[in-house]
Amino acid sequence: MERIVVMGAGNLAHALVQGWQRVPNPPWSVAVLARSDSYLDKGWRPWPAPISTDPAILSESDLVVLAVKPKDVNAALQTVSQEAGPAVPVLSMVAGLALATLRRHLPHAPLARAMPNICSAVGEGVTAVAFDRMASSERAEIRRLLEALGDVVEVEEALLDPITALSGSGPAYAYVLLEALIEAGERLGLDPVLARRLSVQTLRGAAALAQAEPQLSPADLIRLIASPGGTTEAALDRLADEGVKRAVCEAIFQARLQAQRLGSHPSA
Ligand SMILES: NC(=O)c1ccc[n+]([C@@H]2O[C@H](COP(=O)([O-])OP(=O)(O)OC[C@H]3O[C@@H](n4cnc5c(N)ncnc54)[C@H](OP(=O)(O)O)[C@@H]3O)[C@@H](O)[C@H]2O)c1
């Protein structure tokens with residue numbers, strides 16, 4: 001899989017390309033297929049890979065990575081089936097798009113469905129992947145590509161909608177928390193730059209500690225910080241009163257429902 005074409009020049013494609021660019025001397029080349037010049041509007045984030053609006057670039061690809069919105073999937077798959085070879089592997093990253101639906105469009109192609117997240121851009125993503133009719137050598141190559149973007153887990157396809165809700169959308173939940181931390185810091189008198197620096201490193205450090213101590217549950221970790229009658233306990237009591245944990249769980253259930261809806265109406 002030397003020549004990879006990412007279809008869709010959007011936010012996810014940008015993150016993937018950035019992540020793959022971090023690999024020194026990669027055994028692959030990446031090009032991006034855009035539908036229009038709309039990617040130019042994102043000029044504040046220059047494209048780190050060749051980009052084309054000519055679908056003919058698909059004819060030279062060894063792997064097509066599908067990174068379009070669910071509403072654009074049918075048209076995109078039609079283009080893939082017209083332009084790419086019938087046996088070119090396709091790796092879909094489209095939320096909710098079932099392998100069975102992909103199979104109807106691409107009856108002969110080896111298929112994989114993956115759910116990465118935007119943190120792939122800095123090699124700190126996590127991608128869940130399920131395969132359909134892929135040779136073990138192709139699976140290994142796709143795993144290697146995804147591992148360049150961060151952690152990789154191979155799962156049953158049925159888990160991909162829940163994973164979309166949890167870790168596919170997950171960075172956004174972390175950014176809501178980040179926003180709240182920064183806002184609170186500012187309201188407490190810190191300047192915005194300092195508030196952001198302290199908040200970002202706090203989230204990063206909390207995740208790193210949880211990763212370094214897998215035997216400690218989140219509750220164990222909380223006990224390392226909160227002492228009876230202390231500042232942390234006062235804050236945690238308020239979070240419990242506000243139902244923050246329940247709200248986050250419900251939000252993730254809502255996201256899973258939306259992934260299912262998108263899957264049942266891929267062209268809606
Ligand atoms: N963003 C994330 O964090 C994330 C994470 C995991 C999975 N995903 C999945 O990734 C997919 C893309 O999400 P996104 O956030 O990157 O969306 P996006 O920013 O809207 O990008 C999608 C891009 O695809 C282009 N496109 C549509 N049809 C095309 C075609 N036939 N050929 C070439 N390009 C085409 C669109 O072009 P126009 O500008 O002309 O419309 C748009 O630039 C979605 O299915 C989403 O579920 C996203």
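Does Arg133 count as buried or exposed, and at what relative accessibility? In this predicted model, Arg133 counts as exposed because its relative accessibility is 58%.

**View 1. Arg133 in the loop between β7 and α4.** The loop that holds Arg133 runs between strand β7 (125-132) and helix α4 (136-147). Arg133 is not a glycine, yet its phi is positive, near 55 degrees.

**View 2. Asn25 in the loop between α1 and β2.** Asn25 is placed between helix α1 (11-21) and strand β2 (29-33). Phi is positive here too, at about 45 degrees, although Asn25 is not a glycine. With a relative accessibility of 76%, Asn25 counts as exposed, since the cut-off for that class is over 50%.

**View 3. The ligand and its polar neighbours Leu12, Arg35 and Val68.** An oxygen atom of the ligand lies 2.7 Å from a backbone N or O atom of Leu12. For Val68, a backbone N or O atom is 2.6 Å from an oxygen atom of the ligand. Arg35 contributes a polar side-chain atom, 2.6 Å from an oxygen atom of the ligand. On its own the ligand has 900 Å² of accessible area, and the protein covers 83% of this.

**View 4. The shell of residues around the ligand.** The ligand sits in the second largest pocket. There are 24 residues around the ligand, and those that come nearest are Leu12, Arg35, Ser36, Ser38 and Val68. By class, the shell comprises 15 nonpolar, five polar and four charged residues.

Methods: Residues numbered from 1 in each chain as written. Predicted model: local features only at pLDDT ≥ 70, side-chain atom pairs only at ≥ 80, totals over all residues. Heavy atoms only, no water. Near = heavy atom within 4 Å. Polar contact = N/O pair within 3.5 Å; in protein donor to acceptor, adjacent residues only side chain to side chain. Areas by Shrake-Rupley, 256 points an atom, 1.4 Å probe, with all protein chains shown as cover. 1 Å grid on protein atoms, 1.4 Å probe; cavity = no way out; pocket = protein on both sides within 12 Å on 5 of 7 lines; lining within 4 Å. Sits in = over half its atoms within 2 Å of the grid points. Nonpolar A, V, L, I, M, F, W, Y, C, P; charged D, E, K, R; others polar. Helix = DSSP H or I, 4+ residues; strand = E, 2+ residues; numbered from the N terminus. Buried < 20%, exposed > 50% of the residue type's maximum accessible area, 1.4 Å probe, protein only.
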